[in-house]
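Okay, can everyone see the screen? Let me pull up the model, and then I'll talk through the empty spaces, the rings and the charges.

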Amino acid sequence: MAKHWLQLFRIALAPTIAWDVVAGWLVWQKTSATQSSSTSLLVTLAIVLLVYHGGMALNDWADRRIDFQANRKRPLVLGVLPANTALAIGLLMVLGSVGLAAWALPASLAAAALLAFIVLLYDLGGAFVRTFLGPALLASARVLAFHMAPLGEAEWETVISSIGFVPGAALAVWWLFLSRLASYEEKGAPGMHILGFPVILALVPLMLSEKPSVDLWFYTLWALLAGWLLIPAWQKRHDSHNALAVQAAVRRALVSSPLIPGAILLAAGLNSILITGILIVVFATTHTLAKTFPPE
């Protein structure tokens with residue numbers, strides 16, 4: 001039973017969302033005169049993880065009929081977990097994150113409430129919201145998670161003046177186009193149409209490349225990302241992508257997502273060996289968890 005709950009919450013993806021939060025905190029530490037405490041970071045991680053994983057449960061609850069028709073092997077579709085209980089726990093986690101912010105880190109309350117609102121709107125807003133606002137909402141949630149730790153200590157204007165606009169913009173473009181690519185998972189699309197998405201995603205790190213601290217490590221990371229995304233997409237550019245082929249392209253991009261905060265940190269001048277080591281841990285932990293709790 002516990003395994004099914006952890007699968008419902010997509011626990012395998014926890015290292016990637018935690019990495020977004022930690023990366024934002026590290027950039028803030030590097031660029032700001034304010035040195036934040038590790039305690040505030042831990043509280044911020046708890047807030048974001050509660051919202052994220054609670055939102056996953058709500059997403060599965062809202063999509064359970066669609067998932068059944070698509071024959072997806074998810075806990076609510078298989079009937080191993082009660083749907084109403086999943087709804088209640090998901091809501092408790094998302095709303096509880098706001099309560100945690102109010103109690104333990106009041107400065108982050110506005111940002112936590114905004115993040116919870118975005119997640120609830122995406123999960124429970126219905127087909128119209130998903131169709132027309134879904135990618136923008138997902139991108140906004142990931143950008144906000146990246147800035148969450150600094151926003152627990154300073155106003156938005158102060159955070160942006162310290163970190164800069166470009167890191168958030170790079171994350172927004174990445175998640176916006178990744179979400180748009182995912183919108184073709186149900187119906188498929190021509191290969192040349194799909195090719196445009198990995199091309200744009202591969203170019204995202206170059207938004208950060210004008211920083212004076214950018215060096216060979218940064219371009220090595222970018223080359224690996226570009227090759228990982230573009231080579232299979234180029235080879236299949238003349239094929240008609242069915243739903244499974246699009247899902248494979250989405251998974252490749254999702255697996256690559258931790259590299260974007262990594263590129264932001266490298267562009268900010270943080271130690272390249274440290275960043276590489278953290279990325280290896282994130283990838284290895286995610287891969288290990290995914291074997292036991294498939295995030296499908």
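So, the lining of the largest cavity: seven nonpolar residues, no polar ones and no charged ones. For the classes, Ala, Val, Leu, Ile, Met, Phe, Trp, Tyr, Cys and Pro are nonpolar, Asp, Glu, Lys and Arg are charged, and the others, Gly among them, are polar. Quick housekeeping: this is a predicted model, where local features need pLDDT of at least 70 and side-chain atom pairs count only at pLDDT 80 or more, while totals for chains, interfaces and linings use all residues. Residues are numbered from 1 along each chain as its sequence is written, and side-chain values use heavy atoms, with hydrogens and water left out.

Back to that cavity. The residues lining it are Pro205, Phe218, Leu221, Trp222, Leu225, Leu259 and Ala263. Two elements, α12 and α14, give two or more residues each, and α12 gives the most, with four. Helices here are DSSP runs of H or I with at least four residues, strands are runs of E with at least two, and both are numbered from the N terminus. The volume is about 30 Å³, and a search of the whole structure finds one cavity of 30 Å³ or more.

How do we tell a cavity from a pocket? On a 1 Å grid over the protein atoms alone, a cavity is a set of points where a 1.4 Å probe fits but cannot get out; a pocket is an open set with protein on both sides within 12 Å along at least five of seven lines; and lining residues have an atom within 4 Å of a point. Grid points are joined across faces, edges and corners, and the volume is the space filled by probe spheres set on the points.

Now the second largest pocket, with a volume of about 280 Å³. Out of 15 lining residues, Leu221, Leu224, Leu259, Thr276 and Leu279 are the closest to its centre. You'll recognise Leu221 and Leu259 from the cavity lining. Which helix supplies the largest share of this pocket's lining? That's α15, with six residues. At least two residues each come from α12 (216–235), α13 (243–256), α14 (259–267) and α15 (272–292). By class we get eleven nonpolar, four polar and no charged residues.

While we're on α14, have a look at Ile260, which sits in that helix. Ile260 is buried, because its relative accessibility is 1% and buried means under 20% (exposed is over 50%, partly exposed is in between, with a 1.4 Å probe and protein chains only). Ile260 and Val246 are 14 residues apart in sequence, with 21 Å between their C-alphas.

On to the rings. The whole structure has four aromatic pairs, meaning Phe, Tyr or Trp rings (the six-membered one for Trp) with centres within 6.5 Å; planes under 30 degrees apart are stacked, over 60 edge-to-face, the rest tilted. One of them is Tyr184 with Phe197: the centres are 5.9 Å apart and the planes are at 55°, so it's tilted. Tyr184 is in the loop between α10 (166–182) and β1 (189–190), and Phe197 is in α11 (191–203), 13 residues apart. Both Tyr184 and Phe197 are buried.

We also have charges over rings, where NZ of Lys or CZ of Arg is within 6 Å of the ring centre and within 35 degrees of the ring normal. Arg237 puts its charged end over Trp234, 3.9 Å from the ring centre. Arg130 does this with Tyr122, at 4.6 Å.

Arg130 also forms a salt bridge with Asp63, N to O at 3.3 Å. Here a salt bridge is a Lys or Arg side-chain nitrogen within 4 Å of an Asp or Glu carboxyl oxygen, and the count comes to four. Asp63 is in the loop between α3 and α4 (64–69) and Arg130 in α8, 67 residues apart. Asp63 counts as buried, at 12% relative accessibility.

Next, Arg142 and Asp20 meet at 2.8 Å, N to O. Arg142 is in α8 (126–151) and Asp20 in α2, so this bridge ties together parts 122 residues apart in sequence. Arg142 is buried at 9%, and Asp20 is buried at 2%.

Last one: Asp60 and Arg10, 2.9 Å N to O. Asp60 is in α3 (38–62) and Arg10 in the loop between α1 (2–8) and α2 (14–31), so parts 50 residues apart get tied together. Asp60 is buried at 1%, Arg10 at 6%. Add Arg74, and Arg10, Asp60 and Arg74 are linked in a network of salt bridges.
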